[in-house]
Amino acid sequence: MYYSDELVEDVRTRNDIVDVISEYTGLKRAGTSYKCCCPFHNEKTPSFVVSREKQMYHCFGCGVGGNVYTFIMKYENMTFPEAIQYLAKRAGVQLPEEQLSEEDMKKRSRKERLFKVNRSAAAYFYHLLLKTDRGQAGYEYLKKRGYTDETINGFAMGFADIYSDDLYKYLKGRGYTDDEIRSAGLVRYDERRGAQDQFYNRVMVPILDLSDNVVGFGGRVLDDGTPKYLNTRETEVFNKGRMLFAMNRAKHSKRKGIILCEGYMDVIAMHQAGFDNAVASLGTAFTEGQAGLIKRYTTDVYLAYDSDDAGTKAAMRAIGILRRLDMKQKVIDLRPYKDPDEFIKNMGVDAFEDRVKNALTGRIFEIEHIVSDYDLNNPEEKTAFMKAAGRLLSGISDITERTNYIETVASKYFLNKDELKRIVTEVGLAGLAQEGLGDYNDPEVVDNTRRLRSNEKAEANPAEENEKYLLTLMVNNQELFEKLSRYISESDFTEGIVKDVAGKIFAQYRETGSVTPAAILSSFEDAEAQEKVSEIFTKEFEFDTTPSMRERILTDIIIKIKTNNIDKALRSEETTNRIELAKQKAELRRLRINL
């Protein structure tokens, strides 16, 4: 659905962010802003700040932030068009009839056709399973696994026939083109044999997106054939790394958090047992995109991965990703059974409920994993274990939490608490802290997920922090745009997302003579980007009113920014004017800002 930028801005300006958020939380005035405890994470001290002047919010605890659209989307689990419609109705704004560009109409039409062909395939698989003799083998397999008819119907499970072109012929008969069937990932083409069904002789499970559109399938063989599980390949409507099986159901669950399983058959068994907050990744390792999807609804994640070595490794990796996104991680102990389905069948629902309640935190799970490598009756190995545990514990940034973990680990393994605390401190000071075993075993995960942290430490990129600091000062004191025009421009902002923000801010100021932060934020669609941008706009720094002190602060920060850009140019192999750059760097020492 398309709405013009003018209409989007009109609806936004008619919905004061303080009034809207006050309908959900207990905002209280704090100086020029309003504060409350964050509605998106648990906290005792208010760190959720709302600015009426800037029409933005930001939580300095968990990092969420945005404008009134962002808040409604996150709190009400709405899409952007739905948020526009909701706020338009609230403000009494009459929205025009649906408007789509020709290009958007083509994209929408194609996606709708792919949804339809997938839905037709799901209906056919379901019909084969329950209405034909050919599907009897699949039905008996599902019943043998313990699935009830209610569960089979609820998940619209089906059966892919033994013939290699059965589905293809059915869909062609329904009027779908070869391109549509192939683009949906339902067939593959062989030069010799022509169209061949992607799935045959398998129990089928439809995969739905958050809007309940069928976007793909998972198929499970009935015997020991390989591959045991087969999923739809990536398509225009199916992105495995950004989807989770049954998330469309779990997002409505009243249970706390999300239970993350390895496979969709486990998830179906969990839902049947009453754990309707269970989800699973789709034939891939858990990704940052999937973690971000969960974070829209909760920050509490319970890992119910297989209890074998592969499952343990996958849990370690998931813990690392979740930790980087400031999400709580707990691991459910399934031993002596392999997976949740097997556990529930043998131990029952109440026993599984107890395991959920007593799930280990990610840190304790990691330490329990490494302790098996040491003989704690051996003084040398006990010392080595304390150092290994110290590296893990020193990765905890919160002092109180770190102290509590030190006490828990010392008590659990009969260690000297003071000695363990000393090791943790020394490791931290030496810069040897280990954030998690998942990070240690998979360096690529660290690189990818670290970029997604909503609250990065200031020292992580001093150059970017300098640029953010100056940009924040200029937005808070907009007269500086004119006064600093001789000294700095948007081209001087070169670090990360600050570069994009600066470009939009300077362009808006040139056009309107002022900066409207909430309007600029709307141009950033990615949630992580919005959180970083909102931090720039909502931070308030102490800025000495003494003119001379203000000039000294600005001089220092502008010199740092320009020096960093020159240093980057000098390090570049493509730079040819090194002498000129060196002169510019020397001249910067004499720079003095006069306002």
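How are H18 and H19 oriented to each other: parallel, perpendicular, antiparallel or oblique? Keep that in mind while you load things up, and remember that this is a predicted model.

**Stop 1: H18 against H19**

Select residues 399–412 for helix H18 and 417–429 for helix H19. The two pack at an angle of about 135°, and their axes are 9 Å apart. An angle has to be over 145 degrees to count as roughly antiparallel, so H18 and H19 are oblique to each other. The crossing of H18 past H19 is right-handed.

Now show side chains. On the H18 side, pick Arg402, Ile406, Glu407, Val409 and Ala410; they meet Lys417, Leu420, Lys421 and Val424 in H19. Color that contact by class and you get 5 nonpolar and 4 charged residues, with no polar ones.

**Stop 2: H17 against H19**

Leave H19 on screen and add helix H17, residues 379–393. Here the packing angle is about 55°, with the axes 8 Å apart. H17 and H19 are therefore oblique to each other, and their crossing is right-handed.

For the contact itself, select Met386, Lys387, Gly390, Arg391 and Leu393 in H17, then Glu419, Leu420, Ile423, Val424 and Val427 in H19. This contact has 6 nonpolar, 1 polar and 3 charged residues. Click on Leu420 and Val424 while you're here: in H19, both meet H17, and both meet H18.

**Stop 3: H27 against H28**

Jump along the chain to helix H27, residues 547–571, and helix H28, residues 578–588. Their axes come within 10 Å and cross at roughly 160°. That makes H27 roughly antiparallel to H28. Check the handedness too: this crossing is left-handed.

The list to select in H27 is Ile559, Lys562, Thr563, Ile566, Asp567, Ala569, Leu570 and Arg571. Facing them in H28 are Arg578, Leu581, Gln584, Lys585 and Leu588. By class, that contact splits into 6 nonpolar, 2 polar and 5 charged residues.

**Stop 4: the cavity**

Time for some empty space. How many cavities of 30 Å³ or more does the count come to? It comes to 1, and the largest cavity holds about 40 Å³ of space.

To find it, select the lining: Tyr124, Phe125, Leu128, Ala160, Asp161, Tyr163, Asp166, Leu167, Asp197 and Phe199. Helix H5 (102–131) and helix H8 (166–173) are the elements that give two or more residues to this lining. H5 provides the largest share, with 3 residues. Sort the lining by class and you'll find 7 nonpolar and 3 charged residues, but no polar ones.

**Stop 5: two backbone oddities**

Which peptide bond should you look up for a cis geometry, with omega near 15°? Go to the one from Arg335 to Pro336. Pro336 sits in the loop between strand E15 (328–331) and helix H14 (340–347), so selecting 328–347 brings up the loop with both of its flanking elements.

Finish at Gln55. This residue isn't a glycine, yet its phi is positive, at about 55°. You'll find Gln55 in the loop that links strand E3 (48–51) with strand E4 (56–59).

How values were computed:
Residues numbered from 1 in each chain as written. Predicted model: local features only at pLDDT ≥ 70, side-chain atom pairs only at ≥ 80, totals over all residues. Heavy atoms only, no water. Axes fitted to C-alpha atoms, helices over the stretch in contact; angles between N-to-C directions. Helix = DSSP H or I, 4+ residues; strand = E, 2+ residues; numbered from the N terminus. Parallel < 35°, antiparallel > 145°, perpendicular 65-115°, else oblique. Left-handed = near helix turned anticlockwise from the far one by under 90°. Contact = heavy atoms within 4.5 Å. Nonpolar A, V, L, I, M, F, W, Y, C, P; charged D, E, K, R; others polar. 1 Å grid on protein atoms, 1.4 Å probe; cavity = no way out; pocket = protein on both sides within 12 Å on 5 of 7 lines; lining within 4 Å. Points joined across faces, edges and corners; volume = space filled by probe spheres on them.
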